[in-house]
Structures are given as C-alpha cells and as structure tokens.
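Work through the exercises below with the sequence and the model open beside you. Try each task before you read the solution that follows it.

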Amino acid sequence: MTSQNLATSYNELQRAFDARPSDLKKCGTLLAQLKVGLIEAGLLIPQGETNLHDLVVARDILEIGVFWSIRAKDVPSFDRYFSQLHTFYTDFRSSLPPSKREFAVRGLNLIRLLTQNRIADFHTTLESLPLPADEINTNPYIRHPVNLERWLMEGSYSKVWNAREEAPAEEYKFFVDSLMGTIRNEIASCEESAYDSLPLKDAATLLFFPSQSGLLVFAQQRGWQVDLTAGMITFAKKNDEQVEIPTQKLIAANLAYARELEQIV
C-alpha cells in the first residue's frame, strides 16, 4: 500500500468511525487493510528513524481499532490493538504529541484486567501510568476503573452496577457489563446455597436485573425452575456427594494397631 493509499484509507476509516452510528463493518474492513499497510511501511512496530506524522497516523489507526473492537464485542482484537499501541505510548512518548484518546484507551485496559480478575496486574499497570498520583482521581478515564476495583474488593456490587451509568465513555459499559456477569454468578451461587427458592422480584433485585426477562434467561442458564404463576424461582440443588467409608478396612487396621500396642507393652 502506497503512502497516498494509506492516507486515503485512513481518512475513510475516520469518517466511518465518526459516523453515527459507526459503520462497524466498513471499519473492520479498512482496519484490516490499514494494518497490512502499516506492516509494509514499517509502522506497526516502528524501528529506527520514522516520520513523526506517519507515527501519529499509525497511532490513530490503532486507537480507532481499540474502540472498534469494543463496539464489535471482539475482546481478543482489543487485546491485540492495545498491545500494539503500547510501543507508541512508551517508546515514542517523548517524541509524539499527546493523544486525546490515550487515557481512555488505558482506562479500558484497566477494566479489562478487572474482568480477568488480574488484580496484581491492575495495580502494576496503574502504578506505571504516566500520570501523577494526585491526578488519578481527577482523570475520569482512570478514576472510573480505580473506583470499580475498590468497590469490587469491598463487595459493594450495587456501586459497580450504578457505575455503568457513570462511565466516561460508551465503550466502558461493555466491560462493566462483563464484570456484572461475573458478580451475578457469584451471587447466584450464594443464593443456591442459602435458599431453596425465592420470589422472582427478590431474585431480580439481588441479581441486579432491571427487568424480569433478563432474570428468566439467567435462570434458564443456571438450570433453575421458574413458576410464573406463583412468582417463584426454585434453585437447582446439586446432589449431595456420598462418600463411601471403608468400614471393614478401618476396623481391621485399628485391631492390628491395638495388637501391636499390646505386644509392645
């Protein structure tokens, strides 16, 4: 891909991405073509002397790829784009102008780590941010995942749920929803152990379902029995595991041990 074709495709990508709603299919096609062009131009993994304008364009393309991945619900693609961006955010930080999307991207990565329960990596990544400690709580893109992590550790799940509406960017809601899926399964396991059944309304409240339809789908996935007439959910109980105790062998062993003690005495 020539430099002119790369610039043309980049402009097309910007228009498709900025459209409301974004043309996700066109963005995906253009991103695939542009990544090939970046590889051919030596810009995907820059080395040596490289034109700064070309580096900025490459960074913009990869940043759009990050947000496109979330909008397309393609998490592995998000991981790849973020990994490729890391070089631009670290090795070329001093030579490139600041990116207005950088901390939005970094914040998304922090929430991604939370969804994977990689708490140690979360704190390591947070500490390595090019951001003074006193600015963490003033940057909305970083403050949001920091609050989420604290509420998760506290078990304040209602705050995690409410944080969805406080997301600094629409893409953040995707990972918050993923976190809520994990939380719901943990709560459901506790409900199964603590109760034989619950009213539908109470179960929906405990599991943070705003509508009954979402609860019914979840109940089916968990194998729960739903009685819409009575408005009750009956939880599936796992069969108690029966452990066979080798009684005869234990008795024989104890008798043998007793005889040995008699001989010693």
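Asp177 is partly exposed, with 32% relative accessible area, where buried stands for under 20%, exposed for over 50% and partly exposed for the range in between, computed with a 1.4 Å probe on protein chains only. This is a predicted model, in which local features need pLDDT of at least 70 and side-chain atom pairs count only at pLDDT 80 or more, while totals for chains, interfaces and linings use all residues. Residues are numbered from 1 along each chain as its sequence is written, and side-chain values use heavy atoms, with hydrogens and water left out.

**Exercise 1. Salt bridges**

Task: Find the residue that forms a salt bridge with Asp177, and state how far apart the closest N and O atoms are.

Solution. Begin with the rule, by which a salt bridge is a side-chain nitrogen of Lys or Arg within 4 Å of a carboxyl oxygen of Asp or Glu. The partner that satisfies it is Arg164, and the closest N and O atoms of this pair are 2.6 Å apart. Next, place the two residues: Asp177 lies in helix H9 and Arg164 in the loop between H8 and H9, so the salt bridge ties together parts that are 13 residues apart in sequence. Helices here are DSSP runs (H or I, at least four residues), numbered from the N terminus. Finally, check the surroundings of Arg164, which is partly exposed at 22% relative accessibility. Salt bridges that share partners also join Arg93, Glu102 and Arg106 into one network.

Task: Determine how many salt bridges the rule gives, and examine the one between Glu171 and Arg71.

Solution. The count comes to 11 salt bridges. In the pair named in the task, the closest N and O atoms of Glu171 and Arg71 are 2.7 Å apart. Because Glu171 lies in the loop between helix H8 (157–163) and helix H9 (172–194), whereas Arg71 belongs to helix H3, the pair ties together parts that are 100 residues apart in sequence. The two partners can then be described by their accessibility: Glu171 is buried at 7%, and Arg71 is partly exposed at 29%.

**Exercise 2. A charged residue in a helix**

Task: Decide whether Glu63 is buried or exposed, and list the side chains with which its own side chain makes polar contacts.

Solution. First locate Glu63, which is found in helix H3. Its relative accessible area is 0%, and so Glu63 is buried. For the next step, a polar contact is a pair of N or O atoms within 3.5 Å; within protein, one must be able to donate a hydrogen and the other to accept it, and residues adjacent in sequence count only if both atoms are side-chain atoms. The side chain of Glu63 makes such a contact of 2.6 Å with the side chain of Tyr89, and another of 2.6 Å with the side chain of Ser99. Lastly, take contacts in general, meaning heavy atoms within 4.5 Å: leaving aside neighbours within four places in sequence, the residues that Glu63 touches include Leu85, Arg101 and Val105.

**Exercise 3. The nonpolar core**

Task: State how many residues the largest nonpolar core has, and which of them have the most contacts inside it.

Solution. A nonpolar core is a set of buried Ala, Val, Leu, Ile, Met, Phe, Trp, Tyr and Cys residues joined through side-chain atoms within 4.5 Å. The largest such core has 76 residues, and Ile142 and Leu148 have the most contacts inside it. Helix H3 (residues 52–71) gives this core its largest share, 11 residues. To see the surroundings of Ile142, set aside residues up to four places away in sequence; among those it touches are Phe103, Leu110, Leu126 and Ile136.

**Exercise 4. Backbone angles in the loops**

Task: Find where Lys73 and Pro21 lie, and describe the backbone at each residue.

Solution. Keep in mind that most residues other than glycine have a negative phi, and that most peptide bonds are trans. Lys73 is in the loop between H3 and helix H4 (75–90), and its phi is positive, near 60 degrees. Lys73 is also exposed, with a relative accessible area of 61%. Pro21, in turn, lies in the loop between helix H1 (3–18) and helix H2 (24–40), and the peptide bond from Arg20 to Pro21 is cis, with omega near 0 degrees.
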